[in-house]
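Me: I'm new to this structure and would like a close look at one part of it. Could you pick a strand pair, walk me through it, and then show me how a few other spots compare in kind?

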Amino acid sequence: MLTINVVINSIINSLNRLKCSMMDNDTREEPRKVGCAHYKRRAKFVTPCCNKLYMCRYCHDENEAHYFHRKTVTELMCTECDTRQKVQAECEKCGVRFGRYTCLICNLFDDEDKSQYHCDGCGICRIGGRDSFFHCEVCNMCLPVQLKVEGHKCVENVSRSNCPVCLEDIHTSRIPCHIPDCGHLLHRTCFEELLHSGHYACPTCQTSMLDMKQLWTYLDNEVRMTPMPPEYENLKTDILCKDCHKESTVKFHVVGLKCSHCGAYNTCRTKGCATNFESPDTLPELSTRSPLLLDMNGSNQNSTSSDVALPGSSTSQDEPAEEEQ
């Protein structure tokens with residue numbers, strides 16, 4: 001009799017499991033979402049500026065007409081049990097951990113593994129792994145470890161400024177920064193947009209951000225293939241090279257003005273033209289900038305810009321983006 005009851009109960013349980021598996025998926029409860037579009041966490045911050053609940057400061061800034069500093073947050077609310085409490089790693093009521101990565105200095109909680117680490121020198125959390133970066137005391141920022149061996153050009157407090165392209169803050173940006181050889185910073189996305197638009201000089205110092213040797217060779221050939229008219233053959237001008245920062249006196253040419261020190265065409269005129277002719281005033285007025293700008297395809301365009309460049313390989317590095325709440 002006991003065996004029959006066991007068999008019957010087993011059949012009933014099997015039928016119940018089969019019934020559950022045949023239920024429409026739409027009738028099942030949706031899994032609870034954790035966090036927001038910016039961070040996966042189990043807590044909402046009580047914003048001190050407006051006393052509202054937001055999952056992160058980006059959610060706040062997208063919905064409010066003001067901003068708040070992430071480190072001013074002193075209270076949060078657990079999204080599992082809705083308990084309002086002071087900022088801490090775990091809920092004081094239900095015990096849930098607000099994020100697998102927790103930094104109580106930056107008030108950062110995140111369930112996603114982004115190799116986060118807190119840098120005391122930068123004063124913020126960054127992503128990419130502590131072993132992959134080092135903090136330069138002069139630049140006052142984290143840099144790739146290979147630059148510690150290869151060396152880099154230090155610019156004091158370089159990250160404590162805005163991107164020269166989009167004018168957004170660099171130090172607290174979640175967008176990785178590109179570091180050209182000149183040492184100035186700009187967002188990687190802004191750097192790529194500059195290249196796409198045909199500009200290859202640093203927006204801050206106008207130094208070439210790429211290896212331009214291929215272009216300089218191309219321009220040398222263009223100069224040889226484009227003789228100047230007889231009345232301009234002896235025309236010379238003083239120039240400043242934006243790559244080596246040296247001055248020189250060179251022959252004027254409509255294709256470009258080549259630096260006599262480093263061979264670059266990233267130059268601009270500093271003085272008027274000199275000539276051996278008796279009546280130099282009859283010569284047409286010339287621009288004080290290098291006369292050539294090449295687009296992405298290498299075609300000539302008339303432009304007042306002194307940037308002369310084509311795409312090339314870059315040895316520049318990227319700064320780690322900040323990971324902030």
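Reply: Here is a walk through one hairpin, followed by a sheet and two side chains.

A quick note before we start: this is a predicted model, where local features need pLDDT of at least 70, side-chain atom pairs count only at pLDDT 80 or more, and totals for chains, interfaces and linings use all residues. Residues are numbered from 1 along each chain as its sequence is written, and side-chain values use heavy atoms, with hydrogens and water left out.

Let's begin with strand β9, residues 133–136. Helices (H or I, at least four residues) and strands (E, at least two) are DSSP runs, numbered from the N terminus. Both faces of β9 are covered: Phe133 and His135 are buried on one side, and Phe134 and Cys136 are buried on the other. Buried means under 20% relative accessible area, with exposed over 50% and partly exposed in between (1.4 Å probe, protein chains only).

The partner of β9 is β10 (residues 141–144), which runs antiparallel to it and is joined to it by 4 bridges. Two strands count as paired if DSSP finds at least two bridges between them. Across the pair, Phe133 stands opposite Pro144. The two strands make a hairpin with 4 residues between them, and in that turn Asn140 has a positive phi of about 60°.

Now for the sheet. Strands of a sheet pair through backbone hydrogen bonds, either parallel or antiparallel. Here, an open sheet of 4 strands runs in the order β2-β1-β3-β4, with antiparallel pairing. Its edge strands are β2 (53–54) and β4, each pairing on one side only. β1 (residues 43–46) pairs with β2 over 2 bridges, and Val46 has Leu53 as its bridge partner in β2.

Next comes Gln88, in the loop between β4 (84–86) and β5 (101–103). Gln88 counts as buried because its relative accessibility is 16%. Its side chain makes a polar contact with the side chain of Glu92 at 3.3 Å. Such a contact is a pair of N or O atoms within 3.5 Å; within protein, one must be able to donate a hydrogen and the other to accept it, and residues adjacent in sequence count only if both atoms are side-chain atoms. Not counting residues up to four places away in sequence, Gln88 touches Leu76, Phe98, Leu104 and Phe109, where contact means heavy atoms within 4.5 Å.

Last stop: Phe191, in helix α4 (residues 188–196). Phe191 counts as buried because its relative accessibility is 7%. Leaving aside neighbours within four places in sequence, Phe191 is in contact with His178, Leu186, Met209 and Leu210.
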